[in-house]
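Please look through the structure shown here, beginning inside one of its chains and ending where two chains meet. The paragraphs that follow are meant to be read with the model open beside them.

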Amino acid sequence: MDPFLTSRIVTDVLGGLTNGVTYGLVALSLVLIWRSTGILNFAQGAMPMFATYLGFALLSYHFGYWPCVVACVIAALLIGGLTERLLVHRLYGKPEINPIVVMVGFLIVLEAVAAAIWSSTPRSLPSPFSSIHWQLAGKPFALSPFIVYEFATALVVMAAVAGLFRFTNLGLQLRASALAPEVSRLLGVRVGRLLTLGWMLSTVVGVITTILVSANFFSGLTPTVMDGIFAYGFIAAAIGGLESPVGAIVAGVLLGVVNQFVTDYVNQDSVIIIALAILVVSLMIRPSGVFTKSTQRRV
Amino acid sequence: MITIEGLTVSFGAVQALRNVSLVAETGKITAVLGANGAGKTTLLRSISGLKEPNTGTIHLDDQSLVHKRTEDIARLGIGHVPEGRGVIGEFTVEENLRLGAMMAKVNLSQGLDEQYALFPVLGERRKQHAAKLSGGERQMLAMARALIAQPSVLLLDEPSLGLAPLVTQQLMHTIQSLCESSDLTVILVEQNATSALRIAHHAVVLHVGKVVANDTASAVSADENLRQYYLGLVE
């Protein structure tokens, strides 16, 4: 067997891709909420975390992995919808700092409540596929059935979100509601419902990411499981451009690969510094994001 | 037909419209004239449900529009082209038109063909972002987006604002043709009184929220005393 496949470089690339798709999915959920409601959701990691705890509570009643995943998605729809209706709805049209402060506060509250209910002790989630890496000619290969499942899930979610915005009337209405709510209303678009739907969809993308992260990473599910990944997802969304689903994914995947190489060849502590340096440079060159067209809104 | 009776609209302590009554007849153009601050835009925003009136009634035929949501009023067949056009710059020309067609039960490709025939330049630029269009092209797009839904009433707020005289003339001609070829009811808010009165059947002159004239366009046009109101010569 070709030793190249088990070489350090290939191992780093595959490891980076594995992390990168989760960054990409978080970035995608941020883009989804930005494009459909025009708000940066700093609780985008905490809301799905809460939904994941709720969904996997069914394990106690002897339900399997897939029913728990369905329950997580339902919980995410409810949390996303209720958050928009009860909390975010009052923030539209207010200064941009208001939703940021409120959502940071909401993140802290959700994490504290989750810790109070379920404790901060890592909770291991079941996995439908083995996380044990395959072997090639007796050497470990940086892929496992679970990682393939993770890639496949990420691709399906990405394609669904990109297709939603690009090809469907619903996607067009979601974008219109965020960009020009008054004009959208004048055209008969039910803006209020669409804003709620945008938050629901975004939380669903988030919960899928949280399930993958909690099952794959050895940390398990904790109230702060998404904090670090949210930070990299946020950086990826800013680099790719908050208007671009494709940009969010590509930037997330590339960031994951870069982080892996920095971890392997430099050290773990330098990862966030390098990531932020890339963010600063990319924003200096393309303030609206690498993949955002110049006619689109700048942030 | 749009019937407005005793409409009063306030912004805090300031009354933007005071006891306004008018009728916009089916298939006719009703011009609403007045200087800045006369209440013209507020009148259209009240019809569309963007501004809730304090008192008074607004009816589309027999149906009351007061207390209805803007999106529901739009779905009743009232198209509103707001001041500043309101095209979505981040969308292509075709995406703007698709959005306009979405709520109406019209065939999209047929609707697009009709609008591209009416405004050929939009057909040539269908894949271009609206932000890159000229002022006149944006106005055409805003009108086409309202028309593609086949409204029974079209509210136009300052369509000639910022346009060259020749483009304004073409636009007015298009509005007139649309009214003549269908039963479209148009309420045309304009500061460019000469252009508006040339194509309107009826005219209403507003002055600081009050109706000071409500007559045929030719009668309003001929009344020298009224000019001071819509030209803003009266405080």
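**A walk through chain B and its contact with chain A**

Strand β8 of chain B is covered on both of its faces, with B:T185, B:I187 and B:V189 buried on one side and B:V186, B:L188 and B:E190 buried on the other. This is a predicted model, and everything said about it here should be read in that light. The strand spans residues 185–190 of chain B, and because six of its six residues are buried, β8(B) is largely enclosed by the rest of the structure. The two sets of residues named above reflect a general pattern, since in a regular strand the side chains alternate between the two faces of the sheet.

What lies alongside this strand can be read from its pairing. Strand β3 of chain B, residues 29–33, is joined to β8(B) by five bridges, and the two strands run parallel; within this pairing, B:I29 stands opposite B:V186 of β8(B). Strand β7(B) is likewise joined to β8(B) by five bridges, again in parallel, and here it is B:D157 that stands opposite B:V189 of β8(B).

These strands belong to an open sheet of six strands in chain B, whose order is β6-β7-β8-β3-β9-β10 and whose pairing is mixed. Its edges are formed by β6 (78–81) and β10 (210–216) of chain B, each of which pairs on one side only. From one strand to the next, the twist averages 15 degrees. At the β6 edge, four bridges join β6(B) to β7(B), residues 153–157, and these two strands run parallel; one point at which to look for this pairing is B:G79, whose bridge partner in β7(B) is B:L154.

Chain B also holds an open sheet of four strands, in the order β2-β1-β4-β5, and in this sheet the pairing is antiparallel. The edge strands here are β2 (14–24) and β5 of chain B, each pairing on one side only. Between them, strand β1 of chain B, residues 2–11, is joined by five bridges to strand β4 of chain B, residues 55–60, with the two running antiparallel, and B:E5 of this pair stands opposite B:T57 in β4(B).

Is B:Q63, a residue of strand β5 (residues 63–64) of chain B, buried or exposed? B:Q63 has 10 other C-beta atoms within 10 Å, and since a residue with 12 or fewer such neighbours counts as exposed, B:Q63 is exposed. Although B:Q63 and B:I2 are 61 residues apart along the chain, their C-alpha atoms are separated by 9.5 Å.

Beyond the sheets, chain B can be followed as two domains, of which domain 1 takes in residues 1–77 together with 153–235, while domain 2 takes in residues 85–151. The C-alpha centres of these two domains of chain B lie 23 Å apart. Where the domains meet, 11 residues of domain 1 of chain B are in contact with seven residues of domain 2 of chain B. On the domain 1 side, α2 (70–75), β7 and α7 (165–181) of chain B each supply at least two of the residues that touch domain 2, and the largest share, three residues, comes from α7(B). Sorted by class, this side of domain 1 has seven nonpolar, three polar and one charged residues.

The last step leads from chain B to its partner, where the contact between the chains takes 17 residues from chain A and 21 residues from chain B. On the side of chain A that touches chain B, α6 (169–179) and α7 (181–186) of chain A each supply at least two residues, with the largest share, five residues, coming from α6(A). That side of chain A has eight nonpolar, five polar and four charged residues.

How do the helices meet across this contact? The axes of α6(A) and of helix α3 of chain B, residues 93–102, come within 10 Å and cross at roughly 105 degrees, and the two helices are therefore roughly perpendicular to each other. The residues that make this contact are A:N169, A:L172, A:Q173 and A:A176 from α6(A), and B:E95, B:R98, B:L99 and B:M102 from α3(B). By class, the residues of this helix contact divide into four nonpolar, two polar and two charged.

Technical notes:
Residues numbered from 1 in each chain as written. Chains lettered and ligands numbered in written order. Predicted model: local features only at pLDDT ≥ 70, side-chain atom pairs only at ≥ 80, totals over all residues. Contact = placed C-beta atoms within 7 Å. Nonpolar A, V, L, I, M, F, W, Y, C, P; charged D, E, K, R; others polar. Axes fitted to C-alpha atoms, helices over the stretch in contact; angles between N-to-C directions. Parallel < 35°, antiparallel > 145°, perpendicular 65-115°, else oblique. Pairing = 2+ DSSP bridges. Buried ≥ 20, exposed ≤ 12 C-beta atoms within 10 Å, placed from the backbone. Domains from an automatic or database assignment.
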